[in-house]
Amino acid sequence: MSPIIPVVVAIDGPAGSGKSSVSKEVAKRLGFGFLDTGAAYRALAWHVQASGIDTDDAASVVSSLASFDYRIGTDPAGYAVHVGDVDVTSAIRDPAISAVVSRVARVPEVRAHLIELFRSLMAAEPRPGVVVEGRDITTVVAPDAPVRILLTASPEVRASRRSAELVGSVTAAVGDELRKRDEADSKVVDFMTAAEGVTTVDSTELDFEQTVEAVIDVIRFTQPVTD
Ligand SMILES: Nc1ncnc2c1ncn2[C@@H]1O[C@H](COP(=O)(O)OP(=O)(O)O)[C@@H](O)[C@H]1O
Ligand SMILES: Nc1ccn([C@@H]2O[C@H](COP(=O)(O)OP(=O)(O)O)[C@@H](O)[C@H]2O)c(=O)n1
């Protein structure tokens, strides 16, 4: 008997566009798995720093992959990220990690290593589908996915949403951080424009619920799913 291949829903977009929160909710509603690929780059940046390695030292960052024991599940209701036995779910959201994550993400060997990991997690998904979100899912990780979406929002809206999550933050400073990170990340992969066949969902004028519904509409249009 051949294995059932899960339906892959690929979602890309810039920082703060809602990829993670919207994808998680969509996965819950459809009974799909959820894979946050940015968490792996963040966890590697955390591991590199915890090992006393300079994130700018690409050769040492590559060497650190050998001891990077990354663990993440795809249950959207039980989201947790571990490096070895350490729960880094909150630590990887720290602005100090956001400030350096692009430096490890730009290293080609890092990307090759993590992309292989993402593909094996996707293939092992036990649910009928999996929502995978990041920067290069629609173009590199899963370019053949039956559903591919670019989730966008204006820079101002993204900064104010992210700022609302960070206690004591100033929207202008958060906006500056997002802009710098998007600029650095854009040198590696294009996630600001939709590749051919990718549907854009612009959430600038949509609230969270409307955005979730818009994404589910795209999935239903492309791929009939049952609740
Ligand atoms: N359409 C929306 N309207 C209002 N808030 C939203 C919307 N989409 C996401 N959010 C909120 O914005 C914040 C950033 O979303 P997040 O999913 O972390 O973005 P990303 O993963 O793209 O960086 C979260 O607090 C999330 O709940
Ligand atoms: N598929 C991906 C996902 C994330 N990343 C990198 O990981 C970082 C963190 O991703 P994230 O999705 O957690 O970031 P936010 O948009 O949630 O702030 C990004 O800034 C990129 O440097 C990547 O290179 N490729």
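1. Glu125 is a good residue to begin with in this predicted model, where it sits in the loop that runs between helix α6 and strand β6, the latter covering residues 129-134. Is Glu125 buried or exposed? Its relative accessible area is 4%, and because buried means under 20% relative accessible area, Glu125 counts as buried. Once residues up to four places away in sequence are set aside, Glu125 touches Pro6, Gly33, Thr74 and Val130. A further distance can be checked on the model: Glu125 and Pro76 stand 49 residues apart along the chain, and their C-alpha atoms are separated by 12 Å.

2. The next point concerns α6 itself, together with a helix that packs against it. Helix α2, which spans residues 38-50, and helix α6, which spans residues 108-123, pack at an angle of about 130°, and their axes are 11 Å apart. The two helices are therefore oblique to each other, and the crossing in which α2 passes α6 is right-handed. Which residues of α2 meet α6? On the α2 side they are Ala40, Tyr41 and Leu44, and on the α6 side their partners are Val110, Arg111, Leu114, Ile115 and Phe118. Sorted by class, this contact holds seven nonpolar residues and one charged residue, with no polar ones.

3. Helix α2 can also be described on its own. It has 13 residues, and the distance from its first C-alpha to its last is 18 Å, which is close to the 18 Å expected at 1.5 Å a residue. The buried residues of α2 are Ala39, Ala40, Tyr41, Arg42, Ala43, Leu44, Ala45, His47 and Val48, and it is worth finding Ala40, Tyr41 and Leu44 in that list, since these are the α2 residues that meet α6. Just after the helix comes Gly52, which takes a positive phi of about 75°.

4. Following the chain onward from α2, one finds Asp56 in the loop between α2 and α3, where α3 covers residues 58-64. With a relative accessibility of 42%, Asp56 counts as partly exposed. Which residues does Asp56 contact when its neighbours within four places in sequence are left aside? They are Arg103 and Arg106. Asp56 and Val107 are 51 residues apart in sequence, while their C-alpha atoms are 9.8 Å apart in space.

5. A second helix pair brings together α1, residues 19-30, and α10, residues 208-222, whose axes come within 9 Å and cross at roughly 60°. These helices are therefore oblique to each other, and α1 passes α10 in a right-handed crossing. In α1, the residues that take part are Ser21, Val22, Glu25, Val26, Arg29 and Leu30, and they meet Phe208, Glu209, Thr211, Val212, Val215, Ile216, Ile219 and Arg220 in α10. By class, the contact of α1 with α10 has eight nonpolar, two polar and four charged residues.

6. A residue of α10 also appears in the surroundings of strand β8. Thr199 has its place in β8, which covers residues 199-202, and at 35% relative accessibility Thr199 counts as partly exposed. Apart from its neighbours within four places in sequence, Thr199 is in contact with Arg148, Ile149, Leu150 and Val218. Where Leu150 is concerned, the sequence separation from Thr199 is 49 residues, and the C-alpha atoms of the two are separated by 6.1 Å.

7. The last helix pair consists of α8, residues 155-165, and α9, residues 171-186, which pack at an angle of about 115° with their axes 8 Å apart. The crossing of α8 and α9 is right-handed. Their contact is made by Arg158, Ala159, Ser160, Arg162 and Ser163 of α8 and by Thr171, Val174, Gly175, Leu178, Arg181 and Asp182 of α9. By class, the residues of this contact divide into three nonpolar, four polar and four charged.

8. Glu156 also belongs to helix α8. Is Glu156 buried or exposed? Its relative accessible area is 57%, and because exposed means over 50% relative accessible area, Glu156 counts as exposed. Between Glu156 and Thr171, which are 15 residues apart along the chain, the C-alpha atoms are separated by 8.6 Å.

Methods
Residues are numbered from 1 along each chain as its sequence is written. Chains are lettered from A and ligands numbered from 1 in the order in which they are written. This is a predicted model: local features need pLDDT of at least 70, side-chain atom pairs count only at pLDDT 80 or more; totals for chains, interfaces and linings use all residues. Side-chain values use heavy atoms; hydrogens and water are left out. Axes are lines fitted to C-alpha atoms, for helices over the stretch in contact, and angles run from 0 to 180 degrees between N-to-C directions. Helices (H or I, at least four residues) and strands (E, at least two) are DSSP runs, numbered from the N terminus. Angles under 35 degrees count as roughly parallel, over 145 as roughly antiparallel, 65 to 115 as roughly perpendicular and the rest as oblique. A crossing is left-handed if the near helix is turned anticlockwise from the far one by less than a right angle, and right-handed if clockwise. Contact means heavy atoms within 4.5 Å. Ala, Val, Leu, Ile, Met, Phe, Trp, Tyr, Cys and Pro count as nonpolar, Asp, Glu, Lys and Arg as charged, and the others, Gly among them, as polar. The expected span of a helix is 1.5 Å times one less than its number of residues. Buried means under 20% relative accessible area, exposed over 50%, partly exposed in between (1.4 Å probe, protein chains only).
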